[in-house]
Amino acid sequence: MNLTRRRRYSLVLSILLVLGFVTAIAGLTVTPADATAVSAPHHCKADGLDQELDLNFSVEIGGAAYVSAAKGPKLTIKATIPSNIVGLAALFGVKSASATGSYTLSIGGVSKAVPFVFPRTDIPQTAKAFTATITTSLPAVTGSLGKKVTYKTLASTSTPVVQLSLTGYNRTKAQARAGDDVGSVDAQCTTTSPNQTIGTATLQKSPTRVAASIARKASTKKVVSNVTLSATSGVVPTGAATATLYRGAKKVASKSVSLSKGRATAVFTGVKKRASAVTWKVVWTYGGNAAVLGSTGSRSVTKK
């Protein structure tokens with residue numbers, strides 16, 4: 001490919017990048033939780049191509065923030081590229097594109113860059129609007145239960161808020177091969193509305209889920225039940241869980257078992273064989289701890 005043609009490809013990519021992908025952050029959506037949209041103008045420039053634009057971003061931060069979690073709330077970006085830009089890309093033979101980048105914001109007074117990836121995706125070869133969805137996690141915030149975290153635009157008007165590198169390809173994703181890229185463009189955007197509150201989230205305990213099994217072993221007069229506890233936040237539940245065995249509606253026995261990596265096993269012995277089949281049920285109860293909420297789950301089996 002000659003330099004002139006490659007430069008044309010790069011020009012198309014820069015238009016896609018700045019007009020389409022970046023402007024589409026106006027369509028940012030997250031799960032609301034103390035969230036308020038903020039209108040934050042940004043100034044964007046594509047490296048070496050003299051493409052500069054002032055854009056308005058409507059940005060929203062939300063979702064749950066959990067105590068002791070490794071990651072913060074989810075951030076979902078819905079990027080819609082206008083039909084005329086998609087048509088221009090098709091005209092120059094750009095059939096698919098991918099991107100990597102980061103969005104920097106102030107989280108609890110500390111500036112943090114949130115990385116995201118736009119996987120290689122086919123671009124329509126007709127002039128119609130194209131929407132891509134990107135989901136990423138915000139960085140976790142340390143603190144105790146009830147702490148309120150504030151998300152803001154950067155206080156600086158010169159530090160890039162958005163760093164983005166877009167690559168275009170002259171083949172579809174299915175036709176991908178080495179050397180099919182037609183060029184890449186880097187862009188940076190700075191905010192002209194610094195220190196604006198985008199949203200807040202309150203640190204809370206994470207919900208937990210109980211997954212249990214049960215086995216009635218008549219030959220050994222035992223009922224064995226395994227349990228696995230998991231938390232929405234990814235934190236591994238600790239402490240102990242209580243297993244209660246029922247024969248029909250009658251309570252037979254109950255015992256507390258320590259958790260190891262979120263798992264435990266309860267073994268009930270001396271469970272005699274019945275003359276006819278009955279329903280055996282184990283109910284697991286977990287009380288929670290400083291980082292996660294309690295939960296209950298059960299499992300049944302019908303045996304003699």
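**Notebook: a buried aspartate and its surroundings**

I began with Asp180, which at 3% relative accessibility counts as buried, because anything under 20% falls in that class. I note at the outset that the model I am reading is a predicted one. Asp180 sits in the loop between β9 (162-169) and β10 (181-191). I then looked for what its side chain meets, and found that it reaches the backbone nitrogen of Arg177 at 3.3 Å. Setting aside residues up to four places away in sequence, I listed the residues that Asp180 touches as Arg120, Gly168, Tyr169, Asn170, Arg171 and Gln175.

**Entry: Ser96**

Arg120 led me to Ser96, since a polar contact of 3.1 Å joins the side chains of Ser96 and Arg120. Ser96 belongs to strand β5, which covers residues 96-107. Is Ser96 buried or exposed? I find it at 0% relative accessibility, and so it counts as buried. The side chain of Ser96 also reaches the backbone oxygen of Arg171, at 2.6 Å. Leaving aside neighbours within four places in sequence, I recorded contacts of Ser96 with Arg120, Thr121, Asp122 and Ile123, and further along the chain with Thr167, Gly168, Tyr169, Arg171, Thr172 and Lys173. Reading this list against the one for Asp180, I see Arg120, Gly168, Tyr169 and Arg171 in both.

**Entry: β5 and its partner**

I next followed β5 along its pairing and found 11 bridges that join it to strand β6 (residues 110-122), with the two strands running antiparallel. One of the pairs I checked is Leu105, whose bridge partner in β6 is Lys112. How many residues lie between β5 and β6 in their hairpin? I count two, and Gly108 in that turn has a positive phi of about 60 degrees.

**Entry: helix α2**

I looked at helix α2 (residues 83-91) and noted its buried residues as Ile85, Val86, Ala89 and Ala90. These residues cover an arc of only 140 degrees around the axis, which puts them on the same side of α2. As background, an α-helix has 3.6 residues a turn, so residues three or four places apart point the same way. On the other side of α2 I find Asn84 and Leu91, both exposed. Gly93 follows the helix, and its phi is positive, near 80 degrees.

**Entry: the β12-β13-β16 sheet**

I turned to an open sheet of three strands, in the order β12-β13-β16, with antiparallel pairing. Which strands stand at the edges? I find β12 (208-217) and β16 (263-269) there, each with a single partner strand, so that one side of each is left without a neighbour in the sheet. From one strand to the next the twist averages 15 degrees. For the pairing of β13 (residues 222-231) with β16, I recorded seven bridges, in the antiparallel sense. Within that pairing I checked Val223, whose bridge partner in β16 is Phe268.

**Entry: β14, β17 and β18**

I then traced strand β17 (residues 278-286), which pairs with strand β14 (residues 240-247) in the antiparallel sense over seven bridges. Here I noted Tyr246, whose bridge partner in β17 is Lys281. β17 is also joined to strand β18 (residues 295-303), by nine bridges and again antiparallel. In that second pairing, Val283 has Ser298 of β18 as its bridge partner.

**Entry: Leu259**

The loop between β15 (250-258) and β16 holds Leu259, which at 14% relative accessibility counts as buried. What separates Leu259 from Gly239, in sequence and in space? I find the two 20 residues apart in sequence and 5.7 Å apart in space, C-alpha to C-alpha. Beyond neighbours within four places in sequence, Leu259 is in contact with Leu229, Pro237, Thr238, Gly239, Ala240, Ala241, Ala264 and Tyr286.

**Entry: the chain as a whole**

I closed with the totals, beginning with a secondary structure of two helices and 18 strands. Of the 304 residues in the chain, 43% are buried. Among contacts between residues at least 6 apart in sequence, I note that 71% join residues at least 24 apart. The accessible surface comes to about 14,700 Å², and 51% of it belongs to carbon and sulfur atoms.

Conventions:
Residues are numbered from 1 along each chain as its sequence is written. This is a predicted model: local features need pLDDT of at least 70, side-chain atom pairs count only at pLDDT 80 or more; totals for chains, interfaces and linings use all residues. Side-chain values use heavy atoms; hydrogens and water are left out. Helices (H or I, at least four residues) and strands (E, at least two) are DSSP runs, numbered from the N terminus. Buried means under 20% relative accessible area, exposed over 50%, partly exposed in between (1.4 Å probe, protein chains only). A polar contact is a pair of N or O atoms within 3.5 Å; within protein, one must be able to donate a hydrogen and the other to accept it, and residues adjacent in sequence count only if both atoms are side-chain atoms. Contact means heavy atoms within 4.5 Å. Accessible areas come from the Shrake-Rupley method with a 1.4 Å probe; for residues, only the protein chains shown count as cover. The arc is that of the directions from the helix axis to the C-beta atoms. Two strands pair if DSSP finds at least two bridges between them. Axes are lines fitted to C-alpha atoms, for helices over the stretch in contact, and angles run from 0 to 180 degrees between N-to-C directions.
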